[in-house]
Amino acid sequence: TRGIEQNVQRGEDLGERMVRALARGSERQGAAIIVGSDCPSVDAVYLEQARVALENSDVVLGPSDDGGYVLIGARRTVQDMLHGVDWGTDQALEQSLAQIRSCGLSVQQLEVRWDVDEPEDWARFQRRR
């Protein structure tokens with residue numbers, strides 16, 4: 001793996017797996033950012049905006065236009081900060097925001113982006129190339 005650390009995801013659901021990864025990354029580097037592998041709308045400028053947001057907030061979310069999010073970053077985590085989120089629904093972002101805030105963490109949102117979940121999203125991606 002030539003110096004790149006690899007870890008097995010652990011957790012009951014997506015939220016638990018992301019919190020564990022964010023906690024591990026923030027413990028080692030001071031902050032961590034996760035980007036969905038289906039999010040071609042996330043570019044270097046967007047990542048830099050997320051990094052800057054983490055200078056003033058515990059958590060940053062990059063909303064997607066389908067009610068979820070394309071990016072989550074954290075410099076501080078709480079075990080239950082994503083507990084009870086209905087993943088894959090148009091409520092995932094709002095539920096995550098509410099849960100993060102209920103855990104006493106500050107959160108900042110970036111501008112809305114999109115991901116590739118449906119055939120029409122793939123067509124949008126093809127048109128951009």
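Here are three short exercises on this predicted model, each with a worked solution.

Residues are numbered from 1 along each chain as its sequence is written. Local features need pLDDT of at least 70, side-chain atom pairs count only at pLDDT 80 or more, totals for chains, interfaces and linings use all residues, and side-chain values use heavy atoms, with hydrogens and water left out.

**Exercise 1. The aromatic pair**

Task: find which residues form the aromatic pair, and classify its geometry.

Solution:
- Start with the criterion: rings of Phe, Tyr and Trp (its six-membered ring) pair if their centres lie within 6.5 Å; planes under 30 degrees apart count as stacked, over 60 as edge-to-face and the rest as tilted.
- The structure holds 1 such pair. Y69 and W87 sit 6.1 Å apart, centre to centre, with 70 degrees between the planes, which is edge-to-face.
- Next, place the partners: Y69 belongs to strand β3 (residues 69–74), W87 to the loop between β3 and α3 (92–102), and they are 18 residues apart. Helices (H or I, at least four residues) and strands (E, at least two) are DSSP runs, numbered from the N terminus.
- Finally, is each partner buried or partly exposed? Buried means under 20% relative accessible area, exposed over 50%, and partly exposed in between (1.4 Å probe, protein chains only). Y69 has 14%, so Y69 is buried; W87 has 23%, so W87 is partly exposed.

**Exercise 2. The core around Y69**

Task: describe the largest nonpolar core and the contacts of Y69.

Solution:
- A nonpolar core is a set of buried Ala, Val, Leu, Ile, Met, Phe, Trp, Tyr and Cys residues joined through side-chain atoms within 4.5 Å.
- The largest one has 16 residues; Y69, I72 and M81 are among those with the most contacts inside it. The elements giving two or more residues to this core are α1 (14–29), β2 (59–63), β3 and α3.
- Leaving out residues up to four places away in sequence, Y69 touches, among others, M18, L61, L82 and L93. Contact means heavy atoms within 4.5 Å.
- Another core, of 10 residues, lies apart from the largest one and includes C39 and V70.

**Exercise 3. The sheet**

Task: work out the strand order and say which strands stand at the edges.

Solution:
- Two strands pair if DSSP finds at least two bridges between them.
- The open sheet has 4 strands in the order β1-β3-β2-β4, with mixed pairing.
- β1 (32–35) and β4 are at the edges; each has a single partner strand, so one side of each lacks a neighbour in the sheet.
- For β4 (107–109), the pairing with β2 is parallel, over 3 bridges, and V59 stands opposite V107.
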